[in-house]
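Biologist: I would like to go through this model with you piece by piece, asking for a name or a value each time. Please give the cut-offs of each term as it comes up.

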Amino acid sequence: MKNIVKKLLCLLLFVPALAFAQPASERPVIGISCGATNGTAKLKLEYAEAVRKAGGTPVLIPVMTDSLVLRDMLYRLDGIIMSGGEDIAPSYYGEAPHANLGKVNDFRDTFDIMVARMAHDMNIPMLGICRGMQLINVIFGGTLVQDIPSQRPTWRLSHRARSGEEPPMHEVKFEADSQLAKMFGTKELLTNSYHHQAVKDIAPGFRIVARASDSTPEAIESVEEYPIWGVQFHPEKMVAEGNETALNIFKAFVRKADTFRRAKDIHSRILSIDSHTDAPGAFRNSYNMGNRTKRLVNIPKMEEGYLDGQYLACWVRQRENNEEGVKNAVARANLLIERTLKQIEKNSDRVELARTPEDFARIKAAGKKAIFLAIENAYGVGSSIADFERVHKLGVTYITLCHSLNNDYCDSSSDKTKRWKGLSPLGREAVKEMNKLGIMIDVSHASEDTFWQVLKYSKKPIIASHSGSQAIFNHDRNLTDAQLKALAKSGGVAQATIVDIFAKKQAPNTAPGRGDANLSDFMKHLLHMIKVAGVDHVGIGTDFDGGGGVKGCRGDNDLINITVRLLEEGFSESDIAKIWGGNFLRVMKEVQSK
């Protein structure tokens with residue numbers, strides 16, 4: 001009887017604690033990769049316990065190679081820890097096995113590589129521990145020292161305990177400017193050591209940020225601003241021993257995972273749209289939007305980046321302003337529209353053409369992605385005002401007036417000549433006609449004179465579908481603060497673009513998409529544009545597959561990283577909803593209203 005009463009008292013004491021505990025749905029879920037031996041998945045419980053103590057919900061990822069199941073599993077996770085274990089087969093980094101190579105597990109290698117690559121594609125925060133760090137280095141193109149004692153005799157510290165011995169301990173020094181130094185909260189740490197392999201050649205896009213006193217690499221992190229970190233030692237074991245500094249890395253990692261969880265959660269409720277890509281130029285008869293390709297824009301990447309809608313701009317290169325040139329441009333624009341519509345039809349179970357904000361909301365509710373049509377360069381519309389109605393009926397909802405050279409409608413920002421000193425007479429008629437039809441007028445690429453004249457003659461708000469801030473980087477494709485303020489005052493929207501050559505100064509002759517700008521450089525533009533124009537008048541237009549892409553944001557799958565940054569900057573869900581589509585859709589609705 002006493003035992004029963006004691007159990008009831010314990011239960012009564014426990015229930016109130018549950019009432020005040022953090023709801024499970026608000027705790028980030030951290031997946032931990034398991035090992036596998038003789039058909040049994042295994043993992044030391046210290047990993048899960050460290051995650052629990054840090055405020056996360058640990059779940060184990062069993063070893064399997066079913067890519068569809070793994071992908072589905074990863075969508076439910078907010079962070080990934082790649083655990084320690086056996087050596088990695090040297091064939092993965094192009095070497096023959098060393099005589100002292102330890103045990104390898106081909107099944108686990110395949111599993112771990114699949115998980116890590118998928119996690120990277122989805123931008124799930126990832127922490128590699130011991131083997132996990134080595135794996136990260138290998139899959140991104142680095143190599144390993146297969147046996148430290150024989151291949152690096154100058155690394156004199158003991159890095160691996162022998163049977164029955166206490167594990168060796170040594171000091172690790174972090175680079176002061178590294179993320180991991182901030183995450184641990186220290187530049188020096190006494191750590192354990194359980195390995196006989198180490199990073200040799202660091203993978204492109206990563207750097208070694210901590211070393212032991214004998215120069216052994218002890219920590220790595222992405223320099224391209226992806227959420228990936230690795231440590232060679234075992235902080236989970238240190239946590240089990242009561243080391244609070246070691247617990248810091250798990251707390252910091254769980255916070256990163258929680259921000260990622262919040263970003264995904266927000267995207268489940270808002271309508272997100274990328275207002276400019278050049279994807280149609282990549283369409284071929286054999287190309288299927290449902291397949292993962294090297295292109296920056298496709299359906300799987302939209303899913304991974306939690307993007308709901310995509311503008312596919314039918315870009316036409318500026319040629320001669322004569323009858324033959326216009327005829328060829330129109331034929332090219334028509335071909336791109338036709339290809340795009342065929343791709344939408346071919347993938348109708350996953351995408352649908354949208355013409356209005358109402359279409360967009362309905363398509364998302366149906367579990368599909370929305371595709372919008374635009375024409376970049378009115379040269380491809382034709383030389384007759386009647387042509388605007390023709391392309392509008394095909395589904396085109398905005399038209400960029402020009403591209404990198406002047407045309408019959410207006411002057412371009414990139415053309416040094418001033419053919420019209422802004423809009424041509426035909427251009428003024430086009431502005432009037434687009435207002436009448438409900439087609440949004442896009443002033444990206446337009447000269448400053450053209451911009452001010454479009455504002456003067458348009459009776460509806462206008463857009464800049466993919467432009468940056470000239471105050472951050474002085475480039476003719478970027479908007480001045482005066483333009484941003486005027487655009488906002490007129491009710492329009494400026495969509496910040498992710499093109500490296502517009503983001504910061506590059507080396508001479510750098511091709512778009514090949515520069516050294518990163519996500520932080522883009523964020524400087526976005527945040528400045530919001531500061532000047534206001535959060536109600538700024539959005540995002542990447543120009544992916546048209547030169548867009550920076551380190552940390554190189555495709556639709558990376559767009560979730562922008563939301564993570566906005567959360568870290570303190571933006572609310574309502575403001576993020578405006579930036580990711582609300583502002584653009586408001587303009588669209590107003591332009592389309594009669």
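Biologist: Which residue follows helix α16, and near what value is its phi?

Modeller: The residue that follows α16 is G491, where helices (H or I, at least four residues) and strands (E, at least two) are DSSP runs numbered from the N terminus. This is a predicted model, in which local features need pLDDT of at least 70 and side-chain atom pairs count only at pLDDT 80 or more, while totals for chains, interfaces and linings use all residues. Residues are numbered from 1 along each chain as its sequence is written, and side-chain values use heavy atoms, with hydrogens and water left out. The phi of G491 is positive, near 90°.

Biologist: Against which elements do the buried residues of α16 pack?

Modeller: Helix α16 spans residues 481-489, and its buried residues are Q483, L484, A486, L487 and A488; buried means under 20% relative accessible area, exposed over 50%, and partly exposed in between, with a 1.4 Å probe and protein chains only. Taking contact as heavy atoms within 4.5 Å, these buried residues pack against α15 (448-457), β21 (493-496) and α18 (519-533).

Biologist: Which strands are the edge strands of the open sheet of nine strands?

Modeller: The order of this open sheet is β4-β1-β5-β6-β13-β12-β11-β8-β9, with mixed pairing, where two strands pair if DSSP finds at least two bridges between them. An edge strand here pairs on one side only, which applies to β4 (57-61) and β9 (188-192).

Biologist: By what average angle are neighbouring strands of this sheet turned against each other?

Modeller: Axes are lines fitted to C-alpha atoms, for helices over the stretch in contact, and angles run from 0 to 180 degrees between N-to-C directions. For neighbouring strands of this sheet the direction is ignored, and the average is 25°.

Biologist: Which residues stand opposite K173 in β9 and in β11?

Modeller: Strand β8 (residues 169-174) runs antiparallel to β9, with five bridges joining the two, and β8 also runs antiparallel to β11, here with three bridges. The partner of K173 in β9 is E188, whereas its bridge partner in β11 is R211.

Biologist: How many residues lie between β11 and β12 in their hairpin, and which turn residue has a positive phi?

Modeller: Strand β11 (residues 206-212) is mostly covered, five of its seven residues being buried, and it pairs with strand β12 (residues 217-222) in the antiparallel sense over five bridges. The hairpin has four residues between its strands, and the turn residue with a positive phi, of about 85°, is S215.

Biologist: Why does the salt bridge between E221 and R207 tie together separate parts of the chain, and how far apart in sequence are they?

Modeller: A salt bridge is a side-chain nitrogen of Lys or Arg within 4 Å of a carboxyl oxygen of Asp or Glu, and the side chains of E221 and R207 meet this at 3.7 Å, N to O. E221 lies in strand β12 and R207 in strand β11, so the pair ties together parts that are 14 residues apart in sequence.

Biologist: Is D521, which forms a salt bridge with K504, buried or exposed?

Modeller: The salt bridge between K504 and D521 has an N to O distance of 3.7 Å; K504 lies in the loop between α17 (500-503) and α18, and D521 in helix α18, so the pair ties together parts that are 17 residues apart in sequence. K504 is partly exposed, with a relative accessible area of 27%. For D521 the relative accessible area is 8%, so this residue counts as buried.

Biologist: With which side chain does the side chain of T563 make a polar contact?

Modeller: T563 lies in helix α19 (residues 560-568) and is buried, with a relative accessible area of 0%. Leaving aside neighbours within four places in sequence, T563 is in contact with A263, H267, I576 and W580. A polar contact is a pair of N or O atoms within 3.5 Å; within protein, one must be able to donate a hydrogen and the other to accept it, and residues adjacent in sequence count only if both atoms are side-chain atoms. At 2.6 Å, the partner side chain is that of H267.
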